[in-house]
Amino acid sequence: MRSATTRSRRSGTEVTPDLLSQLSERIVGQPAALEAIVPYILMHQAGLSPEGRPVGVFLLLGPTGTGKTRTVEALAEALHGSEKHVLRIDCGEFQMEHEVAKLIGAPPGYLGHRETVPMLNQQKLNAVTSERSNLSIVLFDEIEKAAASLQRLLLGVLDKAVLRLGDNTTVNFERSLIFMTSNLGARGMSREMRPNFGFQALAGMPRQTVRRKLESIALTAVRKRFSPEFVNRIDVISTYYPLSQEALFQILDHQIEGLRRHISNRLGARAFSFEVTESARLFLLEQGASAEYGAREMKRVVLRQLTQPLASLVARGRVDAGASILIDHKPGDDQLSFMVQSGEEALAA
Ligand SMILES: Nc1ncnc2c1ncn2[C@@H]1O[C@H](COP(=O)(O)OP(=O)(O)OP(=O)(O)O)[C@@H](O)[C@H]1O
Ligand SMILES: [Mg+2]
């Protein structure tokens, strides 16, 4: 038994236990996307992925701050143990034809041939695998910004899992998950969602209808922007939806929980506990979430309104080990209030 486990670990195809629930714990309110992505990874882990193409090609669409990039990071955490195991290509840097040479290296004889180390090569692809998994996660962020020649190169990657570099060597993508994210259609989607923008009717529609409508807006935008060959080579096109108030609360609670873990890991015996009242949570939500930016600002708001004031109390020696802090918000204030109960008081209470 033991040798079988070791062998599978060495070959890098360890099966990730309950990948879907691991992802669902981190990504809130986008179950359809996760359910569509996971089977491709299981297929690879079972050794049944088709040969001669990437393990999966995914296009994630939808408004800003709804979890597209976070999904790719969460997958890297689940597969490799760290969100850093992603080869990320920011397509905004390759909008002009001449910039594409930075990615694949200039062909021999061209100016700069010797100096340009391609940003995308086999070593870089291999560097984002781990002992646990031989899958490389590649993320092409904001794909709609890529120059036409980059899209043509990608076509070969999606189709045959091969990219030919400037120096004529090739990169093999057969053990890769290719993610592309895009805001295509997002403006149209938010126009539909915003009540006073003429489409108020949507607000009262069943969620399923809203989803289908948003999906069709996103797909129409994709078909307008990319060739049919390109679209046909994508395994999953998934639309991320604007986050509901409930989902946003859940994301906030995850982040508060993350801060609790951080405090107990970092401070060890000097750690303290804290409670965030309902009105303080509402205040954080108001500051950190919006229809326009989704949950994008939440991390920054938690850092500024919770982590930094707590750190300042600790640094000024106001918090004993075992103390408990009540964090509240008074109407009209633009920051939270922190009431420290010493360790002994907290025990007595
Ligand atoms: N569905 C979600 N579940 C959990 N956290 C989320 C979710 N959506 C957003 N967040 C939080 O907001 C931050 C920004 O989200 P993310 O980077 O995934 O946005 P995005 O959809 O890629 O937006 P953009 O189109 O602007 O790139 C994340 O790092 C995470 O903290
Ligand atoms: Mg993103």
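This is a short walk through a predicted protein model, from its overall make-up to a few single residues.

Let us start with the whole chain. The secondary structure of the protein comes to 14 helices and 10 strands. There are 349 residues, and 33% of them count as buried. You can also ask how the chain meets itself. If we take the contacts with a separation of 6 or more, 71% of them join residues that are 24 or more positions apart.

Now let us look at a pair of helices early in the chain. Helix 2 covers residues 19-26 and helix 3 covers residues 31-45; their axes come within 10 Å and cross at roughly 145°. The crossing of helix 2 and helix 3 is right-handed. On the side of helix 2, the contact is made by Leu19, Leu20, Leu23 and Ser24. Helix 3 brings Pro31, Leu34, Glu35, Val38 and Ile41 to the contact. Sorted by class, the residues of this contact are 7 nonpolar, 1 polar and 1 charged.

Next comes the ligand. Which residues come nearest to ligand 1? Of the 20 residues around ligand 1, the nearest are Thr64, Gly67, Lys68, Thr69 and Arg70. Helix 4 (68-80) and helix 13 (298-315) each supply at least two residues of the shell around ligand 1. Helix 4 gives the largest share of that shell, with 3 residues. The shell around ligand 1 holds 6 nonpolar, 10 polar and 4 charged residues. Two domains take part: domain 1 (2-239) and domain 2 (245-348) each give at least three residues to the shell around ligand 1.

Thr64, one of the residues that come nearest to ligand 1, leads us to asparagine 183. In sequence, asparagine 183 and threonine 64 are 119 residues apart, yet their C-alpha atoms are 7.0 Å apart in space. To find asparagine 183, go to the loop between strand 6 (176-182) and helix 8 (186-193). Asparagine 183 counts as partly exposed because 18 other C-beta atoms lie within 10 Å.

Arginine 211 is another residue to pick out, and its place is in helix 9 (residues 207-225). With 14 other C-beta atoms within 10 Å, arginine 211 is partly exposed. Arginine 211 and threonine 239 are 28 residues apart in sequence, and 8.5 Å apart in space from C-alpha to C-alpha.

For a buried residue, turn to glutamine 255 in helix 11 (residues 245-267). Why does glutamine 255 count as buried? It does so because 20 other C-beta atoms lie within 10 Å of glutamine 255, and a residue is buried if it has 20 or more. Setting aside its neighbours within four places in sequence, glutamine 255 is in contact with Met298, Lys299 and Val302. The C-alpha atoms of glutamine 255 and methionine 298 are 8.4 Å apart, while the two residues are 43 residues apart in sequence.

Finally, let us visit two residues for their backbone angles. Most residues other than glycine have a negative phi. Phi of alanine 161 is near 65°, which is a positive value in a residue other than glycine. Alanine 161 is found in the loop between helix 7 (148-160) and strand 4 (162-164). Phi of asparagine 168 is also positive, near 75°, again in a residue other than glycine. Asparagine 168 has its place in the loop between strand 4 and strand 5 (170-172).

Are these two loop residues buried or exposed? Alanine 161 counts as buried because it has 22 C-beta neighbours inside 10 Å. Asparagine 168 is exposed, because 9 other C-beta atoms lie within 10 Å and 12 or fewer make a residue exposed.

Methods:
Residues are numbered from 1 along each chain as its sequence is written. Chains are lettered from A and ligands numbered from 1 in the order in which they are written. This is a predicted model: local features need pLDDT of at least 70, side-chain atom pairs count only at pLDDT 80 or more; totals for chains, interfaces and linings use all residues. Axes are lines fitted to C-alpha atoms, for helices over the stretch in contact, and angles run from 0 to 180 degrees between N-to-C directions. Helices (H or I, at least four residues) and strands (E, at least two) are DSSP runs, numbered from the N terminus. A crossing is left-handed if the near helix is turned anticlockwise from the far one by less than a right angle, and right-handed if clockwise. Two residues are in contact if their C-beta atoms, placed from the backbone, lie within 7 Å. Ala, Val, Leu, Ile, Met, Phe, Trp, Tyr, Cys and Pro count as nonpolar, Asp, Glu, Lys and Arg as charged, and the others, Gly among them, as polar. A residue is near a molecule or strand if its C-beta atom, placed from the backbone, lies within 6 Å of it. Domain bounds come from an automatic or database domain assignment.
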